[in-house]
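Visitor: I should like to go through this entry step by step, beginning with the terms on which any description must rest. Could you please set them out?

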Amino acid sequence: MIIRLTLSLLLAFVAQAVSATTIEMKVNGLVCAFCAQGIEKTLRGHAETENVVVSLEQGLVALTLKPNTVLSDKTLSTALTEAGYTVTSITRTARSIEQIKKELSGDQAD
Amino acid sequence: MPSISILKLALVAVLGQLATETVSAKPIAFANGTTLMGEYGGGSMFEAQAFYAPRYFYSVGASALRLENEQAARDSAYLRVNWLLKRWNLPKAQGNVFVYGGLGNAREVQSVGLATSAGLQADFETRRVYYSARIDLNHAFGRTLAIDTLQAGWAPYAHDFDDIATFFVLQARTYRGEIQGQPLYRGVEYAALLRLFKGRTWLEVGVTQDRKPQAMLMVNF
């Protein structure tokens, strides 16, 4: 019973990870858009990447993946580290890229 | 030893377009990036460069440099390596220390010979301020020419990723060394610059206290 419950929870967690809408990474060193172009180039170089948003204001790099593809936290963290930045956290959220862009626009309008 | 004209021709052929080493931006753009830069400085220097960065912490490329006073000029062409010695990534700031060096050829009047270059740059920036200090050394014919540059910049607004970034920059520069017995420049050269960048293009234009123009263009691919 406990094993079944554990497996169910594990499967639910994995399913959510795979189907999560957006991967949001908090990044240190994001102060120059000219230099940060490399982040977008690096992430779009992964075949799994569908969309990328970079916010210097929030220190945020967010991306969505193409359907039925997976990119691990380690892969993403390595990609940004090798782009010259420091990743402080990675979360997978249900927010869409459009929602994030809208919120960022709202921040800039303030 | 190949002549300076052949080296320049090779440089142009390989680069295909203007390349620059900016005295004000970082000598390494981003990993797997190619940078082309050109800078004209107050009638005393002109530099064009192209670099490729296989990793974020180093780039390799070529550079053509002219340093001149009212009497004569030294033209140099180098193959060069830039290295990010140290970076500090903070939540709202970044600091860097770069070193670089090159080997090539120089011509001064009728003399042609081996030339070496070396330099060091330290910078600190946020989205509102930029500070940098840089030393560029060029050695040929037993004499070293040096350019020391300090910059302080301020942005009227904090740019974001898709914005046009704007900085007002004050620059102080000294030129040490002589060509044909005459200094490159006497005293401190001050310049007021407007820096704009968006996407992969960076433009800097301004004027020195001698009313001479200064400009720099850099593009990343």
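Guide: Helices (H or I, at least four residues) and strands (E, at least two) are DSSP runs numbered from the N terminus, and two strands pair if DSSP finds at least two bridges between them. The model is predicted: local features need pLDDT of at least 70, side-chain atom pairs count only at pLDDT 80 or more, and totals for chains, interfaces and linings use all residues. Residues are numbered from 1 along each chain as its sequence is written, while chains are lettered from A and ligands numbered from 1 in the order in which they are written.

Visitor: In what order do the elements of chain A run from the N terminus on?

Guide: Chain A comes to 4 helices and 4 strands. Read from the N terminus on, the order is α-β-α-β-β-α-β-α.

Visitor: Which strands of chain A stand at the edges of the sheet?

Guide: The 4 strands form an open, antiparallel sheet in the order β2-β3-β1-β4 of chain A. An edge strand has a single partner, so one side of it is left without a neighbour in the sheet; in chain A this applies to β2 (49-55) and β4 (86-93).

Visitor: What is the average twist from one strand to the next?

Guide: Axes are lines fitted to C-alpha atoms, for helices over the stretch in contact, and angles run from 0 to 180 degrees between N-to-C directions. From one strand of the open sheet to the next, the twist averages 20°.

Visitor: What angle does α2(A) make with β2(A)?

Guide: Contact here requires the C-beta atoms of two residues, placed from the backbone, to lie within 7 Å. Helix α2 (residues 33-44) of chain A packs on the sheet and touches β2 and β3 (60-65) of chain A; its direction and that of β2(A) make about 165°.

Visitor: Which residue of β4(A) is the bridge partner of Ile23(A)?

Guide: Strand β1 (residues 22-28) of chain A pairs with β4(A) over 7 bridges in the antiparallel sense. Opposite Ile23(A), the bridge partner in β4(A) is Arg92(A).

Visitor: Which strands does helix α3(A) touch?

Guide: Helix α3 (residues 73-81) of chain A also packs on the sheet, and its direction makes about 145° with that of β4(A). The strands touched by α3(A) are β1, β3 and β4 of chain A.

Visitor: How many residues of α2(A) are buried?

Guide: A residue is buried if 20 or more other C-beta atoms lie within 10 Å of its own, exposed if 12 or fewer, and partly exposed in between, with C-beta atoms placed from the backbone. The buried residues of α2(A) include Phe34(A), Cys35(A), Ile39(A) and Leu43(A). The helix is mostly covered, and of its 12 residues the buried ones number 9.

Visitor: Which element gives the most to the largest nonpolar core?

Guide: A nonpolar core is a set of buried Ala, Val, Leu, Ile, Met, Phe, Trp, Tyr and Cys residues joined through C-beta atoms within 7 Å. The largest has 64 residues, and Ala36(A), Ile39(A), Val61(A), Leu80(A) and Ala83(A) touch the most other members. With 6 residues, the element that gives the most to this core is α2(A).

Visitor: With which residues is Val61(A) in contact, leaving aside its neighbours within four places in sequence?

Guide: Val61(A) is one of the core members that touch the most others. Its contacts beyond four places in sequence are Met25(A), Val27(A), Ile39(A), Val54(A) and Leu80(A).

Visitor: In chain B, by what angle are neighbouring strands of the barrel turned on average?

Guide: Chain B comes to 1 helix and 14 strands. Of these strands, 12 close into an antiparallel barrel in the order β1-β2-β3-β4-β5-β6-β7-β8-β9-β12-β13-β14. With direction ignored, neighbouring strands are turned against each other on average by 15°.

Visitor: Which side chains of β12(B) are buried?

Guide: In a regular strand the side chains alternate between the two faces of the sheet. Along β12 (residues 188-198) of chain B, those that are not buried point to one face and include Tyr190(B) and Leu194(B). Pointing to the other face and buried are Glu189(B), Ala191(B), Leu193(B), Arg195(B) and Phe197(B).

Visitor: Which residue takes a positive phi in the hairpin of β12(B) and β13(B)?

Guide: The two antiparallel strands, β12(B) and β13 (residues 201-208) of chain B, are joined by 8 bridges, and Leu194(B) stands opposite Val205(B). There are 2 residues between the strands, and the one with a positive phi near 60° is Gly199(B).

Visitor: Is Glu70(B) buried or exposed?

Guide: Glu70(B) lies in the loop between β3 and β4 of chain B. Because Glu70(B) has 11 C-beta neighbours inside 10 Å, this residue counts as exposed.
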